[in-house]
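Here is a short briefing on a protein model with a ligand. It covers the binding site first, then two loop residues.

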Amino acid sequence: MIDSSDFRTKRAPLSRGAGYMPVLGFGTLIPDPDVTTSATRDALQAGFRHFDCAERYRNEGEVGEALRVGLATGGLAREDIFVTTKLWNTNHRPERVERAFEASLARLKLNYLDLYLIHTPYAFQPGDDQDPRDPNGNILYDQGVTLLETWRAMENLVDHGKFRAIGLSDVTLAGVAPIYESARIKPAVIQVESHPYLPERELLQYCKVNDTVFLAFAPLGHGMRPGPLEDPVISAIAARVGKTPAQVLLAWAVQRGTALLTTPRTAARARENFDIAALPDDAFDEINRIQTRQRFNAVVKTGSPGFIPQGR
Ligand SMILES: NC(=O)c1ccc[n+]([C@@H]2O[C@H](COP(=O)([O-])OP(=O)(O)OC[C@H]3O[C@@H](n4cnc5c(N)ncnc54)[C@H](OP(=O)(O)O)[C@@H]3O)[C@@H](O)[C@H]2O)c1
């Protein structure tokens, strides 16, 4: 399914002939606007060609500007990069989808997107407040729209040429199967948390069978310690193969047939995280045998994200 032996330039084909996604993706979930700008520039310079954004990250403007400057300085064209953004929970009502997409596009200063994702399957009360809550602090969900209705609105925008590929994020296998059964355009990509402590094997297999790219976020376990970065199996392999623990984790993700998103915030980390290569088979198998199980991000259970700029 993935078409190059060099992990740094590997690309995954998207279903329906919708182009190719570079499997090494840079995630832009960075709360500080200045760091967003410098990290996006550094990622582009290090070689990343896939950028994952979201209206909820509240930094599409900074990402867009950094990409505009970076493409011009690096002699790159828009077609040389792959850009995704995501529809937020407060925009699930079908009549809000196109407006939300156009607003993201304008902030990103782009004239097309490569991929548009529904950020989570949870609809929140529609409106300008991205985090609507009752006086007790409970999320105000919107029971007036189904995920399938939002999906149909996404399909309509594909028909109108707004973007070529659509997908889902923060879904479970049980939650996603009904969409596959009813959708006219199947999800091209599913973005979920995944690392050796949360391999999501069944969902990965489901994606392979359905011609869907499995896009792993938090491949370093959100950088949390203790976590996969400090796992003794990972550290031992890193020492043995002369790579860093981060490089081992990212290589494992690509080697098992997923695309990934990582968020290095400095130029040195961007170069490190881009410079990955296949692991020896025995090392790959050893990682597959890790038994620890841990999810770091609870967004899949509530639609309310962790690790994200809060406030209104
Ligand atoms: N769909 C969703 O709901 C969802 C949720 C979360 C994330 N995402 C997407 O996925 C992207 C990646 O997620 P993530 O931020 O959790 O990725 P990650 O790469 O697993 O974790 C990033 C953390 O790892 C650390 N790190 C990065 N490179 C490192 C290295 N070489 N050695 C040691 N530590 C390193 C960073 O620390 P420093 O800050 O110190 O560099 C940062 O704290 C996000 O930016 C976003 O685009 C999507």
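**Ligand site and two loop residues**

The backbone of Thr28 offers a polar atom 3.4 Å from an oxygen atom of the ligand. The model is predicted. The ligand sits in the largest pocket. Its surrounding shell counts 28 residues.

**Polar contacts to the ligand**

- Arg265 places a polar side-chain atom 2.6 Å from an oxygen atom of the ligand.
- Gln191 approaches a nitrogen atom of the ligand, with a polar side-chain atom at 3.0 Å.
- Thr28 takes part through a polar backbone atom, 3.4 Å from a ligand oxygen.
- On its own, the ligand has 910 Å² of accessible area, and the protein covers 88% of that.

**The shell around the ligand**

- The closest residues are Asp52, Asp170, His222, Thr263 and Arg265.
- Arg265 is thus named twice here: it is among the closest residues, and its side chain supplies the 2.6 Å approach to a ligand oxygen.
- By class, the shell holds 12 polar, 10 nonpolar and 6 charged residues.
- Two or more shell residues come from each of these elements: strand 10 (259-262) and helix 9 (267-274).
- Helix 9 gives the most, with 3 residues.

**Arg78: buried or exposed?**

- Arg78 lies in the loop that runs between helix 2 (60-74) and strand 5 (82-87).
- Arg78 has a relative accessible area of 12%, so the residue counts as buried; the cut-off for buried is under 20%.
- The Arg78 side chain has a polar contact of 2.8 Å with the side chain of Asp114.
- The Arg78 side chain also reaches the backbone oxygen of Tyr112, at 2.9 Å.

**Asn136: buried or exposed?**

- Asn136 belongs to the loop between strand 6 (113-118) and helix 4 (147-159).
- Asn136 counts as exposed because its relative accessibility is 66%, and exposed means over 50%.
- Asn136 and Ser38 are 98 residues apart in sequence.
- In space, the C-alpha atoms of Asn136 and Ser38 are 38 Å apart.

**Points to take away**

- For the ligand, start from the side chains of Arg265 and Gln191 and the backbone of Thr28.
- For the loops, Arg78 is buried at 12%, whereas Asn136 is exposed at 66%.

How values were computed. Residues are numbered from 1 along each chain as its sequence is written. This is a predicted model: local features need pLDDT of at least 70, side-chain atom pairs count only at pLDDT 80 or more; totals for chains, interfaces and linings use all residues. Side-chain values use heavy atoms; hydrogens and water are left out. A residue is near a molecule or strand if one of its heavy atoms lies within 4 Å of it. A polar contact is a pair of N or O atoms within 3.5 Å; within protein, one must be able to donate a hydrogen and the other to accept it, and residues adjacent in sequence count only if both atoms are side-chain atoms. Accessible areas come from the Shrake-Rupley method with a 1.4 Å probe; for residues, only the protein chains shown count as cover. On a 1 Å grid over the protein atoms alone, a cavity is a set of points where a 1.4 Å probe fits but cannot get out, and a pocket is an open set with protein on both sides within 12 Å along at least five of seven lines; lining residues have an atom within 4 Å of a point. A molecule sits in a cavity or pocket if more than half of its atoms lie within 2 Å of its grid points. Helices (H or I, at least four residues) and strands (E, at least two) are DSSP runs, numbered from the N terminus. Ala, Val, Leu, Ile, Met, Phe, Trp, Tyr, Cys and Pro count as nonpolar, Asp, Glu, Lys and Arg as charged, and the others, Gly among them, as polar. Buried means under 20% relative accessible area, exposed over 50%, partly exposed in between (1.4 Å probe, protein chains only).
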